[in-house]
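Okay, thanks for having me, everyone. Let me put the structure up, and then we'll walk through a few parts of it together.

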Amino acid sequence: MFKLFRFLKQYTLQIIVIVLLIFTQVLANLYLPTLMADIIDKGIVQKDVTQTVSFLGFDGSYKGIDYIIRTGGIMLLISAGGAICSVLSSLLSSRTAVGFGRIIRNKLFAKVESFSLHEFDKLGTATLITRTTNDVTQIQSVTIMIFSIALFAPLTALGGIVMALKEDTSLTWIFAIVIPLLAIIIAATLKYAMPLFKLMQVKIDKLNLVLREGLTGIRVIRAFNRIETEKHRFDNANADLMNNAIKVNKIMAFLMPIMMLIMNVTTIAIIWFGAERIDAGNMQVGSLIAFIQYGMQILFGFLMLSMVFIMVPRAQASAIRINEVLEMESEIVDTEAPVLADKESGYVEFRNVSFKYPGADQPAISNITFSAKPGEVTAIIGGTGSGKSTLVNLIPRFYDVTDGSVLVDGVDVREMSQDSLRAKIGFVPQKTVLFSGTIAENIKYGKDGATIEEIQHAATVSQASDFINEMEKGYEHVIAQGGANISGGQKQRLSIARALVRKPEIYVFDDSFSALDFKTDAKLRAALKDETKEATMLIIAQRVATVMDANRIIVLDDGEIAGMGTHKELLNNCEVYREIVSSQLSEEELS
Ligand code: ADP
Ligand code: MG
């Protein structure tokens, strides 16, 4: 956890102020009982003796009631000062802690966004969300606590001991008994409570997991009538969390009364033995009262310190989870000296490329060699799981190749900066992703500062303008989270428009026409042809009709190239292609 505190650097000044404020507050608290003792001993008991007072303009010699009023005034001033310090330090420490939380969340988000798909596969989305929210909140609240109690408590306890010694040394043996006793009780409690506290975080994680699955999978849960099962599963996780919390609270419930008992017994002991000393004329009444108050401060300080010991381990668990993300190195990083492609045409070349997903036994694709030229359409066809998506994911460097190399404009993609590489590519992923916002905003996502004309043009080419214009608000129509309020085919066309508005050198369409009817598919491809005359087109498709007139068709089978050529050539020499074709087209379409 303390590793995370490096992010507090920019708050150094605030922290110094907080420390000073707390220090002042502790000093004020420690000074008050002494003044109290003075009022009793000098103002009441020796009310006829003139006493000198010196404190910020209260200076002078007084006796009796005047002395009491003067000293009381000083006490009021000091406690007011202490209160102001307390308010200021709370305010400042909350601000600092909240700012600290914001910094960690930002760092986490930036880190997660820099991850390659490898790291996403490794960690999973659910835990990344919990770590960015819940875990950071844990750290944040413990930080507030450290700022206040962790400093305040030991200072108060130590100061109390010093002041008590100053007041009267002969009664301090009481503390010598009570403090170790307290320490033992706190240690014993922690020993039992600590594992339970750590478990809390794990149980919350589990609850979040079940909740997320229950929410995201709601359609499947309904369709398969699993609502009762899911309820049960949630209830189990929920009850588990509750039981753990009850156990923790049981222990804590014992702690408080025991502490109170010890405090009260201590007070009685101080009064008992103090009374004997007063009786013998060795101690004054005021001193005794001050001594009792210092005793309380000492015990209270220890009590608060025990709270810190409880909170810190719980936050520690969160800190470890956060650090795990922050310290994870992305496997895909820019080289130190990125090469700029001198040509800007969008020539894509695969040289003997193989790729294996981490942990997989078989390579997803192997020995892929081909080139896709500007002004041409290169189509990829093959059964599901044959490695089509994997292949195109290597072009924007979502993954790095295991063997061979992928070149864009003659430069290995690993040598280029990710920004300049991706600027060349208009990528339409297989799984359409839209963001919450208007249609115009979603298309504009492809190009910052795209004008409304450009947006409309892109929508027209992608055959989206018809349905957009039918909408009441047109381009200002708001898309719900994940594009839930438009159809799959409409989503695909918007996703294509988003790539088009970019006017990139390379287009990658990963099965982007699958949700379109044949007529729209044909119209879209005709419009695309004019739009993308100069660009390199890579089109993955399931339908032969979509790829038939491509300049080059690559047939993938089980991660390997089974054939490459035009439709006509492949019909003659590629068995796999013939099978695909005959399963889709009727005889006359073939000729
Ligand atoms: P296609 O797009 O042709 O349907 P993919 O390229 O998506 O096929 O998948 C090819 C193979 O790689 C499949 O066997 C699939 O199980 C595997 N695969 C795909 N994505 C991952 C991943 N993120 N991690 C591990 N294996 C994967
Ligand atoms: Mg795919």
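So here's a starter: what should the 14 residues of helix H15 (residues 518–531) span at 1.5 Å a residue? The expected span is 1.5 Å times one less than the number of residues, so for H15 that should be 20 Å, and the end C-alpha atoms are indeed 20 Å apart, which agrees. When I say helix or strand, I mean DSSP runs, numbered from the N terminus: H or I of at least four residues for helices, E of at least two for strands.

Quick ground rules. This is a predicted model, where local features need pLDDT of at least 70 and side-chain atom pairs count only at pLDDT 80 or more, while totals for chains, interfaces and linings use all residues. Residues are numbered from 1 along each chain as its sequence is written, chains are lettered from A and ligands numbered from 1 in the order in which they are written, and side-chain values use heavy atoms, with hydrogens and water left out.

Let's stay with H15. Which of its residues are buried? Thr 520, Asp 521, Leu 524, Arg 525 and Leu 528 are. By buried I mean under 20% relative accessible area, exposed is over 50%, and partly exposed is in between, using a 1.4 Å probe and protein chains only. Look down the axis of H15 and those buried residues fall within an arc of 130°, so they line one face of the helix; the arc is that of the directions from the helix axis to the C-beta atoms. On the face turned away from the buried side, H15 carries the exposed residues Lys 519, Lys 529 and Asp 530.

Step off H15 and you're in the loop leading to strand S12 (536–540), where you'll find Thr 532. Thr 532 counts as buried because its relative accessibility is 6%. Thr 532 is 26 residues from Ile 506 in sequence, and their C-alpha atoms are 9.2 Å apart in space.

Back at residue 518, there's a charge-and-ring arrangement: the charged end of Arg 543 sits over the ring of Phe 518, 4.5 Å from its centre. "Over a ring" means NZ of Lys or CZ of Arg is within 6 Å of the ring centre and within 35 degrees of the ring normal. Lys 191 does this too, with its charged end over the ring of Tyr 192, 5.7 Å from the centre.

Now, how does the chain divide up? In an unreviewed UniProt entry, residues 16–314 are listed as "domain: ABC transmembrane type-1", and residues 348–583 as "domain: ABC transporter". Those positions are in the numbering used here, the feature names are shortened, and annotations may be inferred rather than shown by experiment. Over 16–314 the chain is 88% helix and 2% strand, whereas 348–583 comes out at 34% helix and 25% strand. The unreviewed entry's "transmembrane region" spans include residues 12–32 and 171–193. Residues 12–32 are 100% helix, with end C-alpha atoms 31 Å apart; residues 171–193 are 91% helix, with ends 34 Å apart.

Next up, the metal. What coordinates the magnesium ion, ligand 2? Ser 389 (OG) and Gln 430 (OE1) do, at 2.0 to 2.2 Å. Donors are N, O and S atoms within 2.8 Å of the metal (3.2 Å for Na, K and Ca), and water is not among the atoms, so sites may look incomplete. Ser 389 is in helix H9 (residues 388–393) and Gln 430 is in the loop between strand S8 (425–428) and strand S9 (437–438), 41 residues apart. Ser 389 is partly exposed at 21% relative accessibility, and Gln 430 is partly exposed at 42%.

Last topic: rings. How many aromatic pairs does a search of the whole structure find? Twelve. Rings of Phe, Tyr and Trp (its six-membered ring) pair if their centres lie within 6.5 Å; planes under 30 degrees apart count as stacked, over 60 as edge-to-face, and the rest as tilted. Take Phe 115 and Phe 120: centres 6.4 Å apart, planes at 80°, so they're edge-to-face. Phe 115 is buried at 6%, while Phe 120 is partly exposed at 28%. Tyr 357 and Tyr 399 are edge-to-face as well, at 5.3 Å and 90°. And ring pairs link Phe 355, Tyr 357 and Tyr 399 into a cluster.

That's my tour, thanks!
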